[in-house]
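Biologist: I would like to go through this model with you. Please show it first, then take my questions one at a time.

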Amino acid sequence: MDFELDQDQEMLARTVADFAKNESPVERFRKLRDDDIGYDPAVWQKMGELGWLGVAFPESVGGYGGSFVECALVLENLAATLVPEPYLASVVLGGMTLLRAGNPEQHARYLTPMIEGETTLALASSEAQGRYDVSAIETAATPKGEGYEISGKKVWVLNGHNADHLIVSAKAPGGVTLFVVPREDEGVSVTVAKTIDGQKAAFIELDGVKVGEDARLGEEGAGASILDRTMDYAAAAAVAEGVGLASTMLNMTVEYLGTREQFGVKIGSFQALQHRAVDMYAETELLRSISMASMVRADEEDASTRRADVSAAKYQLATGGIWVAQQSLQLHGGIGVTDEHDIGLYFKRMYALNALFGDAEHHVARFCV
Amino acid sequence: MNLSFTEEEEAFRREVRAWIQDAMPADMRERAKGSGGFTPEDSATWHRILHEKGWVAPHWPKEFGGTGWDAARRFIFNEEMETSGAPQLSVFGLSMVGPLIISFGTDAQRKRFLPKILSAEEFWCQGYSEPGAGSDLASLRTTAEDAGDHFIVNGQKTWTSYAQYADWIFCLVRTDPNAKKQAGITFLLIDLKSPGIEVKPMQTLGHTPAFCDTFFDNVKVPKENVVGGVNQGWTMAKALLGHERTLLAMVGPCRNVLQKIKHIAATKLVDGRPMLEHPVWRAKIARLEMRFRAHLMVSYRALADQQKGKMPGPESSILKLVGTKLVQEMTELAMEIMGESSLTWYNEGVCMPIEESIGPYFCYERAATIYGGSNEIQRNVIAKMILQLPSS
């Protein structure tokens, strides 16, 4: 048993942390949240050049042959300053789905350019009537000539407003099936929706979008099990990001308690606040520890072994992580509920992560007791 | 990162598991499956069986009777001991005063005391708290007056758990009344058969035989029974506290109660179906089990550090805080799941034997958030030592 990172992982984590601190402080996120895209394609490209987008992918598709742990490390460290580039949406949701569902030709066309930072991906899976159920979809893929015609409505597609390629789930005659659809194809209309955390997502309507057979990822009906795996990766990714948020919030709060004075003393000398801070520390360390398990187990083939830790981790984000976010706001007092102070931005991102890829009840229900 | 035990370690686990099942006397095995209501005599019997095998003190250095196992094997051994339902061994000798004597005692003390701790010829208890010195332990007032080659001890110790079964007590006593309060304390080993000692057992909430008051009236204690030097008692107490931190992570007890919860929930029916098949009850159990997994990972991190010969990281400071609360929540859920059966109090044949064990255990574990430094004191310490928050 070993929880330590190897040298390469250590180096990756440090490089990403330095980048976040020096090249993407929170002010950068603040500026970009008013931008149409919400992030900087040039920075995305740089991430590709640095190799960060390919850490978890095999060399055969242009990656670096690492594990999902590396992916999680990137996310955890980008979270420290709320770096807005669509790593989770493009690398985890889009990339991991493509990797598992696509053939070598599709990898070369859609995955490799993303790994190089030339393009981004988005996963269009959720629909308005569903709740964390990848099979509860009405979007239909009707066989037509040499290919299919896809029609339906997708909601909350992360990076859907800017992705070059969408991975769309649709019901084909053989069941839930995945297709690659260029965002700019005829029949695709995209409406941008702002999200609570200052980011953007898309509502996407597909109206008789024509795709060839070569746009289909894998066999008909293969989509649901692929997406189940993707959702486990995504949950583990969200938890890793949550660790970055929680530890940053804890640090900011402890620092505030050590500087803010009331009644002539530092407020961190009050026992009520000290005990709260200690409980925040405990919840953060619980989250960090179970996140380590979930990032390792996310690659595990056996579903029950994988889910035991991934669900436990996402549940700890929903309980402990959210609680840390709430308390960090509370202990900052009035300034914490202004948009001027950064703490609230982290708070809102934690809530966004909580709502994605299964909330507490979802993971409680599927955890095998 | 690698979160699995190695194949050799798993083989070791199987060996330990098989041995425990084989070595536990039949009547004890029956009780382990059911009520788990062990007497101190059961615990002593099990202690002797483990001693014969050479497995009673795996965490001691090999030269003093340890097994020479690495941290992972010791951890696995503890997990297997805890989940087997075997009686818990008395911790005061094996896990508290024994390791302290090994680290700070004289050779003569090691020769005199360690073998009898291992063989269960002598049991120990702890004399720390006093009626006026609980969380503020350093304000203790039991005195040890210098009388040449010995001390004369006077005072009262309380919560001296299992003193009525013990042969020896390790005490913190005041040897210098004029020094700053932490500086005048000495760690002293006292023979409970000495004239002037009176032990009065006290009923606990769970009616388990544990608490006592122990009174000292002009008790003569040879000076050779000081561990770590006169007026060095506070340093000894802090060293012992370090041992307790991982001891009180409650990983085993949590696992054990969780097993019982599932067993009861699989047996009791609601609307004709086992409780385990009802989403509401499944969710309650799942929530605790998921939190337990997170807690388990924190303790695994401490284990992995020890395995590498390093001090556990600062996160290990939360183990007592989180583990004791969690085991209480688990006993609370066990009570809830039993419904009306949670009323039962030391009956025979009224409920399932496993249910008979829950109520007293539920009461017993209310102490977990209090002993070993109350959880509020733990928070004070973490706030100061780890978060480095300003002192008031």
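Modeller: Two terms first: two strands pair if DSSP finds at least two bridges between them, and helices (H or I, at least four residues) and strands (E, at least two) are DSSP runs, numbered from the N terminus. This is a predicted model: local features need pLDDT of at least 70, side-chain atom pairs count only at pLDDT 80 or more, and totals for chains, interfaces and linings use all residues. Residues are numbered from 1 along each chain as its sequence is written, while chains are lettered from A and ligands numbered from 1 in the order in which they are written.

Biologist: Which residue in S7(A) is the bridge partner of A:Val190?

Modeller: Strand S6 (residues 188–194) and strand S7 (residues 200–212) of chain A pair in the antiparallel sense over 7 bridges. They form a hairpin with 5 residues between them, and A:Gly198 in the turn has a positive phi of about 80°. Opposite A:Val190, the partner in S7(A) is A:Ile204.

Biologist: Why does chain A count as compact as a globular protein of its length?

Modeller: Chain A has 11 helices and 10 strands. Its C-alpha atoms fill a box of roughly 80 × 45 × 40 Å along the principal axes. The globule rule is 2.2 Å times the number of residues to the power 0.38, and the radius of gyration is taken over C-alpha atoms. Chain A is as compact as a globular protein of 369 residues because the rule gives 21 Å and its radius of gyration is close to that, at 21 Å.

Biologist: What percentage of the residues of chain A count as buried?

Modeller: A residue is buried if 20 or more other C-beta atoms lie within 10 Å of its own, exposed if 12 or fewer, and partly exposed in between; C-beta atoms are placed from the backbone. Of the 369 residues of chain A, the buried part is 54%.

Biologist: Which helix of chain A gives the most to the largest nonpolar core?

Modeller: A nonpolar core is a set of buried Ala, Val, Leu, Ile, Met, Phe, Trp, Tyr and Cys residues joined through C-beta atoms within 7 Å. The largest one has 227 residues, and A:Phe179, A:Ala236 and A:Ala237 have the most contacts inside it. With 19 residues in this core, the top contributor (residues 223–259) is helix H7 of chain A.

Biologist: Which residues does A:Ala236 touch, leaving out those up to four places away in sequence?

Modeller: Two residues are in contact if their C-beta atoms, placed from the backbone, lie within 7 Å. A:Ala236 is among the residues with the most contacts inside the largest core. The residues that A:Ala236 touches are A:Phe68, A:Ala72, A:Ser294, A:Met295, A:Ala298, A:Val310 and A:Ala313.

Biologist: How far apart are the centres of domain 2 and domain 3 of chain A?

Modeller: Domain bounds come from an automatic or database domain assignment. For chain A it gives domain 1 (7–120), domain 2 (122–221) and domain 3 (224–366). Taken over C-alpha atoms, the separation of the centres of domain 2 and domain 3 is 31 Å.

Biologist: How many residues does each of these two domains bring to their contact?

Modeller: On the side of domain 2 of chain A, strand S5 (residues 175–182) gives the largest share, 3 residues. That side has 6 nonpolar, 7 polar and 1 charged residues. Here Ala, Val, Leu, Ile, Met, Phe, Trp, Tyr, Cys and Pro count as nonpolar, Asp, Glu, Lys and Arg as charged, and the others, Gly among them, as polar. The counts are 14 from domain 2 and 13 from domain 3.

Biologist: Which helix gives the most to the side of chain B that touches chain A?

Modeller: The contact takes 38 residues from chain B and 35 residues from chain A. Helices H9 (279–307), H10 (319–338) and H13 (375–385) of chain B each give two or more residues to the chain B side. By class, that side has 25 nonpolar, 5 polar and 8 charged residues. Its top contributor, with 18 residues, is H9(B).

Biologist: Are the residues of strand S1 of chain B buried or exposed?

Modeller: In a regular strand the side chains alternate between the two faces of the sheet. S1(B) pairs with strand S4 (residues 168–174) of chain B in the parallel sense over 4 bridges, with B:Trp124 opposite B:Trp168. B:Trp124 and B:Gln126 on one side of S1(B), and B:Cys125 and B:Gly127 on the other, are all buried.

Biologist: How far is B:Ile49 from B:Pro25 in space?

Modeller: B:Ile49 lies in helix H3 (residues 40–53) of chain B. It is partly exposed, with 18 other C-beta atoms within 10 Å. B:Ile49 and B:Pro25 are 24 residues apart in sequence; their C-alpha to C-alpha distance is 9.5 Å.
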